[in-house]
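Below is a short report on one protein chain, written to be read next to its sequence and structure.

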Amino acid sequence: AGDLFKRLGDKGNVLDFGNKGGVNTGIGSAGDDLFRSNAQEAFNTVTGAGGKDLFVVGKESTTRVLDFDPKNDQIGLSNGLKPDDIL
């Protein structure tokens, strides 16, 4: 947990869409944000804005990530998701 708080800094946010499916939209701040979008049967649209953001996605969810900067942002894979599964 300490590493997570260090990563988020004083302006970062954690946006967790929970463990149930649904249709959600998440918009980050200018800080370093963490988005957890890996619930089964979820359809989420997320945008990180500025900062160094981490998008955690899972195999049973559909997540549209807008404003992804490969120089700063990262994608975390969960629930058996593999890089070849990403479009």
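Which residues lie nearest the centre of the largest pocket? The model is predicted, and in this model they are Val57, Thr63, Asp85, Ile86 and Leu87. The lining of the largest pocket has 13 residues, and the volume of the pocket is about 340 Å³. Strand S5 (54-58) and S6 are the elements that give two or more residues to this lining. The largest share, three residues, comes from S6.

**The sheet**

Three strands form an open sheet, and their order is S2-S4-S6. The pairing in this sheet is parallel. The edge strands are S2 and strand S6 (62-66), each of which pairs on one side only. From one strand to the next, the twist averages 10°. Strands of a sheet pair through backbone hydrogen bonds, either parallel or antiparallel. Between S2 and strand S4 (residues 42-47), the parallel pairing runs over six bridges. One bridge can be traced by residue: Gly26 has Val46 in S4 as its partner.

**The core**

Val46 also belongs to the largest nonpolar core, which has five residues. The others named in this core are Leu15, Phe17, Phe35 and Phe55. Leaving aside residues up to four places away in sequence, Phe55 touches Phe35 and Val46. With the sequence neighbours again left out, the contacts of Phe55 also include Gly48, Val65, Phe68, Asp73, Gln74, Ile75 and Gly76.

**A buried aspartate**

Is Asp33 buried or exposed? Asp33 counts as buried because its relative accessible area is 0%, and buried means under 20%. Asp33 lies in the loop between strand S2 (22-27) and strand S3 (34-37). Not counting residues up to four places away in sequence, Asp33 touches Leu8, Lys11, Gly12, Asn13, Gly28, Gly48, Lys52, Asp53 and Leu54. Gly48 is thus named among the contacts of Asp33 and among those of Phe55.

**Two residues with positive phi**

Asp67 has a positive phi although it is not a glycine. Asn79, a residue other than glycine, also has a positive phi. The table sets out their values.

| Residue | Phi | Place | Relative accessible area |
|---|---|---|---|
| Asp67 | about 60° | loop between S6 and strand S7 (74-78) | 43% |
| Asn79 | near 55° | segment after S7 | 47% |

Asp67 is partly exposed, with a relative accessible area of 43%. Asn79 is partly exposed as well, with a value of 47%.

Notes: Residues numbered from 1 in each chain as written. Predicted model: local features only at pLDDT ≥ 70, side-chain atom pairs only at ≥ 80, totals over all residues. Heavy atoms only, no water. Helix = DSSP H or I, 4+ residues; strand = E, 2+ residues; numbered from the N terminus. Buried < 20%, exposed > 50% of the residue type's maximum accessible area, 1.4 Å probe, protein only. Contact = heavy atoms within 4.5 Å. Core = buried A, V, L, I, M, F, W, Y, C linked by side-chain atoms within 4.5 Å. Pairing = 2+ DSSP bridges. Axes fitted to C-alpha atoms, helices over the stretch in contact; angles between N-to-C directions. 1 Å grid on protein atoms, 1.4 Å probe; cavity = no way out; pocket = protein on both sides within 12 Å on 5 of 7 lines; lining within 4 Å. Points joined across faces, edges and corners; volume = space filled by probe spheres on them.
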